[in-house]
Amino acid sequence: MAGKKARKAFHIGGKIIAPGTDARINIETTQLYTNTPVHMPMHVYHGKEDGPTLLVCAAIHGDELTGIEVIRRLIKNPRMTDINGTIILVPIVNHLAFIHRSRYLPDRRDLNRFFPGLDTGSLASRIAHKFMTEVVEHATHIVDLHTAAVHRTNFPQIRTNIDNAENLELAKAFGLPMVLNAELIEGSLRYSAGQMGKCAITFEGGEALRLSEDAIKPAYQGVLNVMAHLGMFKDVEKPALLVPTIANSSLWVRADADGILKNEVELGAHVKQGQLLGTINDPMGDFETRVTSPINGIVVGATTIPLVHQGEALYHIASFRKVSSVAQKIDDLRSFIERQE
Ligand SMILES: [Zn+2]
């Protein structure tokens, strides 16, 4: 009898996952010097029907916790059991850095500069190689979840190379107010995935070593938006793409004095050229240095530690052709966050 061809099983980490089922996979990435193996756990939902293979991963930088919580919520979402295509959910890629509460591996290397890696290379290179060959290889689309570096925070945003139409479409589908065009950095997961012809975007939101609903909720909803856009939910219409608000450019405002920063603006604020962002004071009350915005734009990132040296980055400001429309979308996002349980 001629019928629809059954979907093939999914092979990953030495396991076979039948269509319409899901599985917990543990891939050994390295060992501790206590002779204890280090595993990278992931949850894979392999739908009955064909569709894309979406990889959502976090903590490539071991101190970036936002994405771990986002993926935990995705794993628990009952909608995952009835999808088109396959989703691979990897909450922590860089376990050695994670247990050290650090961005970097114990050899001080940044894993996100060593993709695609080499099985005979450095520690970072070997872990990168393992992740690429055993996990990334399977994916057609990738969402890589990040936060700002330690003592900095980012307003939720998508970074991608907008010259690639497929990447831009996925970035728009995520549904955040802004997309920043980010140059590809050689050795990053996004770069290597692009080299393999995969569509990849990076979410940036929140602060390292902290969990904030202001970043978790938009990232969680963003992944669901991407899944809907890719047709992975059976009962959801493909959502209309948001009008992209792509930053023209962005710059860091740096400290002109050494001292203690008294901040005057919140993350996501719409600031005018010349507007006061903060003042740098000294503990003895001898001076106050005003920090102002050199451009009209949105505060998309900021330092969270008020102790500053000259030259340190204080505020990341992105400029847009129509700043007011981005400001409106930021208000909409804030009310969305408040509405969510
Ligand atoms: Zn990161």
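**A walk through the fold, from a strand to the zinc site**

At a relative accessible area of 44%, Lys 262 is partly exposed. The model in view is predicted. Lys 262 pairs with Glu 264 in a salt bridge, with 2.8 Å between the closest N and O atoms. Glu 264 is partly exposed as well, since its relative accessible area is 39%, and the partly exposed class runs from 20% to 50%.

Ile 260 is a good next stop. Ile 260 sits in strand β12, which covers residues 259–263. Its relative accessible area is 36%, so Ile 260 counts as partly exposed. Together with Ile 305 and Leu 307, Ile 260 makes a nonpolar surface patch of about 240 Å². Membership in such a patch requires over 30% relative accessible area, and Ile 260 meets that cut-off because its value is 36%.

Now step back to the whole chain. The protein contains 7 helices and 18 strands. Along the principal axes, its C-alpha atoms fill a box of roughly 85 × 50 × 35 Å. How does the radius of gyration fit a compact globule of 341 residues? The globule value would be near 20 Å, and the protein has 21 Å, so the two agree. Of the 341 residues, 51% count as buried.

Next comes the metal. Which residues coordinate the zinc ion? His 61 and His 146 each give an ND1 atom, and Glu 64 appears twice through OE. The distances run from 2.0 to 2.3 Å. In sequence, the donor residues follow the spacing H-x2-E-x81-H. The angles among the 4 donor atoms span 58 to 147°, and the site is irregular. A tetrahedral label would need all angles between 85 and 135 degrees, so the 58° and 147° ends rule it out. Water is not among the atoms, so the site may look incomplete.

Two of these donors can be checked for burial. The relative accessible area of His 61 is 3%, so this residue is buried. For Glu 64 the value is 1%, and this residue is buried too.

Glu 64 leads on to the charged pairs. Side chains of opposite charge can pair when their charged atoms come close. The count here comes to 11 salt bridges. One of them joins Glu 64 to Arg 103, at 3.3 Å from N to O. What does this pair tie together? Glu 64 lies in the loop between β5 (49–58) and α1 (66–76), while Arg 103 lies in the loop between α2 (95–99) and α3 (123–134), so the bridge connects parts that are 39 residues apart in sequence. Both Glu 64 and Arg 103 are buried.

A second bridge starts in helix α1. Arg 73 forms a salt bridge with Glu 213, and their closest N and O atoms are 2.7 Å apart. Arg 73 belongs to helix α1 and Glu 213 to helix α6 (residues 213–229), so distant parts of the chain, 140 residues apart, are linked. Are the two partners buried or exposed? Arg 73 is partly exposed at 23% relative accessibility. Glu 213 is partly exposed at 33%. The pair also belongs to a network of salt bridges that links Glu 69, Arg 72, Arg 73 and Glu 213.

Helix α1 itself is mostly covered, with 8 of its 11 residues buried. Among the buried ones are Ile 68, Val 70, Ile 71, Leu 74 and Ile 75. Glu 69, a member of the salt-bridge network, is also on the buried list.

Near the start of the chain, follow Phe 10. This residue is found in strand β1, residues 10–12. At 9% relative accessibility Phe 10 counts as buried, because the limit is 20%. Phe 10 and His 138 are 128 residues apart in sequence, yet their C-alpha atoms are 9.2 Å apart in space.

The backbone deserves a final look. The peptide bond from Phe 115 to Pro 116 is cis, with omega near 5°. Pro 116 sits in the loop between α2 and α3. Arg 108 is found in the loop between α2 and α3 as well. Its phi is near 70°, a positive value in a residue other than glycine. Arg 108 counts as exposed at 73% relative accessibility. Asn 35 also has a positive phi, about 65°, although it is not a glycine. Asn 35 lies in the loop between β3 (21–31) and β4 (37–46). At 62% relative accessibility, Asn 35 counts as exposed.

Methods. Residues are numbered from 1 along each chain as its sequence is written. This is a predicted model: local features need pLDDT of at least 70, side-chain atom pairs count only at pLDDT 80 or more; totals for chains, interfaces and linings use all residues. Side-chain values use heavy atoms; hydrogens and water are left out. Patches are made of residues with over 30% relative accessible area and no salt bridge: like charges are joined within 9 Å, nonpolar side chains (Val, Leu, Ile, Met, Phe, Trp, Tyr) within 5 Å. Accessible areas come from the Shrake-Rupley method with a 1.4 Å probe; for residues, only the protein chains shown count as cover. A salt bridge is a side-chain nitrogen of Lys or Arg within 4 Å of a carboxyl oxygen of Asp or Glu. Helices (H or I, at least four residues) and strands (E, at least two) are DSSP runs, numbered from the N terminus. Buried means under 20% relative accessible area, exposed over 50%, partly exposed in between (1.4 Å probe, protein chains only). Donors are N, O and S atoms within 2.8 Å of the metal (3.2 Å for Na, K and Ca); water is not among the atoms, so sites may look incomplete. Four donors count as tetrahedral if all angles lie between 85 and 135 degrees; four count as square planar and six as octahedral if opposite donors are over 155 degrees apart and all others between 65 and 115; anything else is irregular. The radius of gyration is taken over C-alpha atoms; the globule rule is 2.2 Å times the number of residues to the power 0.38.
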